[in-house]
Amino acid sequence: MLATELPLLSRADLLTPNRLPAEGEQYRFHFDVEKCIGCKCCVVACNEQNGNPAEINWRRVGEIEGGVFPLAQRWHLSMGCNHCVEPSCMLGCPVEAYTKDSLTGIVDHDPDICIGCQYCTWNCSYGVPQFNPERGVVGKCDMCHSRLTAGDQPACVNACPSGAIAIEIVDIAAWRLSPENGNAPGLPSVTDSLSTTRITMPDRAAELFNAINRVDSERVQPEHAHASLVFLLVLIQMAAGAMGAIAITGSSAAWLAAGIAVLALAAAPMHLGRPIHAHRAWRGWKTSWLSREVIAFGLFAKAALAAAWFGTPITAAVACAAGLFGIYCSARIYTVPARPAWNTWLTLADFYLTAFTLGPTLLLALGMIDTPIPSLAGLIAQFVLTVYRRRAFEISEIPERRASARLLDNQLRSGFIIRLALTVTAIIAVPNYPVTALALALAAEATGRALFFQSVVGKSAASAFLTPGGKAA
């Protein structure tokens, strides 16, 4: 049924509007914190409605607390999709699997188009989209669009015994001017993507607002290492750096650099939940940095092969330029507000330093350049950057960055020490044992990139309500 064919909702109660949104309006959730009793009936109802396994919850309930006795308080937050005015999931999707309905404002996801890249799970400040490994695609709340078209309440609204969740209509222009009622303790800022969910806090919460936080704010667990992405990023960056060194020195190693680039790109689809549909990844080039990365590295591989065929410094320089632009696109994929540890200039510096370090070291190991100075400079700079980043996160005012530093100091401590030790050993080995230095530098960069993925902490409260195994609590 098309959006323009939606019937008027049959229910005229306080939990569901009895008319369709007018031009400039859309549906949204309203959540009343005072009414929620934390029973999670909304979670169960959502799962039953959408056929999700127990560990995948499109609506989740968490807890916030604060104050000092006798004014200590604890409340619950029930969170689904916020159907944002400027949905980051839709803007970042490389295959245009997300759409925002022009009449209702509901942000919908098409699993048939989705390739399972999981970029939206990183891009959403609220941790709304969730990856289903069995299906190989992402899923999310659609406000029970099928129920709304039939004049029924969404499952979560219908199941809530205390009436804490409701559907209402919002004037988008007015909300843009004054969205502060979308904020709540423990949640990301409503301005990240203009979340439309209205949250009503208890009256007595106002005096405690700045002292209230998530119950689990100090509990952080490492994320996945994403081995296929580590393989892709480290090798493609090394190939780009090698092509730059080839352009400067006139070396004949372009075939090797091209081969490394092709090998890295061949492994790239292994990260996807549906790798057979990887060819769709360029479709969102107008808004998605992932699509732009796919295009840029595809051009880099072709330019590298051309440089190998023609063997001129100019073709090598063109290939290097394409590779460097691809690295820039890679960095932009990760510099998103939802992941503060990634959303910094340090990510771009790290990626480019990997290219600057591994490229010349590869040629040095092959005996195609004589000086170890570029390799030494790159390795030393990477060591300094690694130490600086951990310290900068430790003293940061942003809690998610401090949490990343805690991960590096605790659960990921051994990996962090190994990364530094490998870099120092490579520095010592470069002048006299360049082949050994290359192996050590590769291991160091791969370890560093794995830590890059493992140590990130999302700013989403919904993400924090997951269990250590990544399953919804």
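I will talk through a small sheet, a pair of packed helices and one arginine in this structure, which is a predicted model.

Let me begin with the sheet, which is open and has 3 strands in the order 8-1-9, with mixed pairing. As a reminder, strands of a sheet pair through backbone hydrogen bonds, either parallel or antiparallel. On one side, strand 1 and strand 8 pair in the antiparallel sense over 7 bridges, and within that pairing phenylalanine 29 stands opposite isoleucine 167 of strand 8. On the other side, strand 1, which covers residues 25-32, runs parallel to strand 9 and is joined to it by 3 bridges; here histidine 30 has arginine 198 of strand 9 as its bridge partner.

What, then, stands at the edges of the sheet? Those places are taken by strand 8 (165-171) and strand 9 (198-200), and because each has a single partner strand, one side of each is left without a neighbour in the sheet. On average, and with direction ignored, neighbouring strands of this sheet are turned by 30° against each other. I would add that strand 8, although it is an edge strand, is mostly covered, with 6 of its 7 residues buried.

Let me now turn to the helices. Helix 11, made of residues 345-365, packs with helix 15, made of residues 434-454, at an angle of about 160°, and their axes are 9 Å apart. Since angles over 145 degrees count as roughly antiparallel, helix 11 is described as roughly antiparallel to helix 15. The crossing of helix 11 and helix 15 is left-handed. As for who makes the contact, helix 11 contributes Thr347, Asp350, Phe351, Thr354, Leu358, Thr361, Leu362, Leu364 and Ala365, while helix 15 contributes Pro434, Val435, Ala437, Leu438, Ala441, Leu442, Glu445, Arg449 and Phe452. How many of these contact residues are nonpolar, how many polar and how many charged? The division between helix 11 and helix 15 comes to 12 nonpolar, 3 polar and 3 charged residues.

My last stop is arginine 406, which lies in helix 13, residues 399-409. Is arginine 406 buried or exposed? The careful reply is that arginine 406 falls in between, because its relative accessibility is 26% and so it counts as partly exposed. If you want a sense of where it sits relative to another part of the chain, the C-alpha atoms of arginine 406 and alanine 377 are separated by 29 Å, and these two residues are 29 residues apart along the chain.

How values were computed:
Residues numbered from 1 in each chain as written. Predicted model: local features only at pLDDT ≥ 70, side-chain atom pairs only at ≥ 80, totals over all residues. Heavy atoms only, no water. Axes fitted to C-alpha atoms, helices over the stretch in contact; angles between N-to-C directions. Helix = DSSP H or I, 4+ residues; strand = E, 2+ residues; numbered from the N terminus. Parallel < 35°, antiparallel > 145°, perpendicular 65-115°, else oblique. Left-handed = near helix turned anticlockwise from the far one by under 90°. Contact = heavy atoms within 4.5 Å. Nonpolar A, V, L, I, M, F, W, Y, C, P; charged D, E, K, R; others polar. Buried < 20%, exposed > 50% of the residue type's maximum accessible area, 1.4 Å probe, protein only. Pairing = 2+ DSSP bridges.
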